[in-house]
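Got your viewer open? Let's take a walk through this model, one selection at a time.

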Amino acid sequence: QLQASGGGLVQAGGSLRLSCAASGSIFSIADMGWYRQAPGKQRELVATITRGSITNYAESVKGRFTVSRDNAKNTVVLEMNSLEPEDTAIYYCGADVQRSRWLSPTRFWGQGTQVTVSS
């Protein structure tokens, strides 16, 4: 399972740090990342990172957000700076978890954490 933490309320221009830890039966984790869903909108990609630390960002967050991971701890972190009201959403972590060497990776999702940016 994935457990996310770190959301909250912040003023525009502020910063937040989201963390997500995977636990349970894990052989390996391929891609990890963060997605968000604002009210009335579809879930969208925010940032992803491969096991080899190749990153991909949504255009709207480039230069403001940084994604990183610790393969030994099975964690992924999203550092969010210069936050804008448009960043307000529920943020979900996702990970492609391989439970054994004989199984293909399966996408797991965290429970979501609310990020609210006030103007």
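Before clicking anything, here's a term we'll need: buried means under 20% relative accessible area, exposed means over 50%, and partly exposed is in between (1.4 Å probe, protein chains only). This is a predicted model, so local features need pLDDT of at least 70 and side-chain atom pairs count only at pLDDT 80 or more, while totals for chains, interfaces and linings use all residues. Residues are numbered from 1 along each chain as its sequence is written, and side-chain values use heavy atoms, with hydrogens and water left out.

**Stop one: the sheet**

Switch to cartoon view and look for the strands, which are DSSP runs (E, at least two residues) numbered from the N terminus. Four of interest, in the order S1-S3-S8-S7, make an open sheet with antiparallel pairing; two strands count as paired if DSSP finds at least two bridges between them. Select 2-5 for strand S1 and 65-70 for strand S7: these are the edge strands, each pairing on one side only. From one strand to the next, the twist averages 15°, taken between lines fitted to C-alpha atoms, with angles running from 0 to 180 degrees between N-to-C directions.

Now add residues 75-80, strand S8, which runs antiparallel to S7 and is joined to S7 by 6 bridges. Which residue in S8 stands opposite valine 67? Select leucine 78 and there you have the partner.

**Stop two: the charged side chains**

Side chains of opposite charge can pair when their charged atoms come close. For a salt bridge, the rule is a side-chain nitrogen of Lys or Arg within 4 Å of a carboxyl oxygen of Asp or Glu. The count by that rule is 7 salt bridges.

Show arginine 64 as sticks. Is this residue buried or exposed? With 11% relative accessibility, arginine 64 counts as buried. Next, bring up aspartate 87, whose salt bridge with arginine 64 has its closest N and O atoms 2.8 Å apart. That pair links distant parts of the chain, 23 residues apart: aspartate 87 sits in the loop between S8 and S9, arginine 64 in the loop between S6 and S7. Aspartate 87 is buried too, at 1%.

Add glutamate 84, which also meets arginine 64 in a salt bridge (3.9 Å, N to O). At 33%, glutamate 84 is partly exposed.

**Last stop: another pair**

Select arginine 36 and glutamate 44, whose side chains form a salt bridge at 2.7 Å, N to O. Arginine 36 is buried at 7%, whereas glutamate 44 is partly exposed at 38%.
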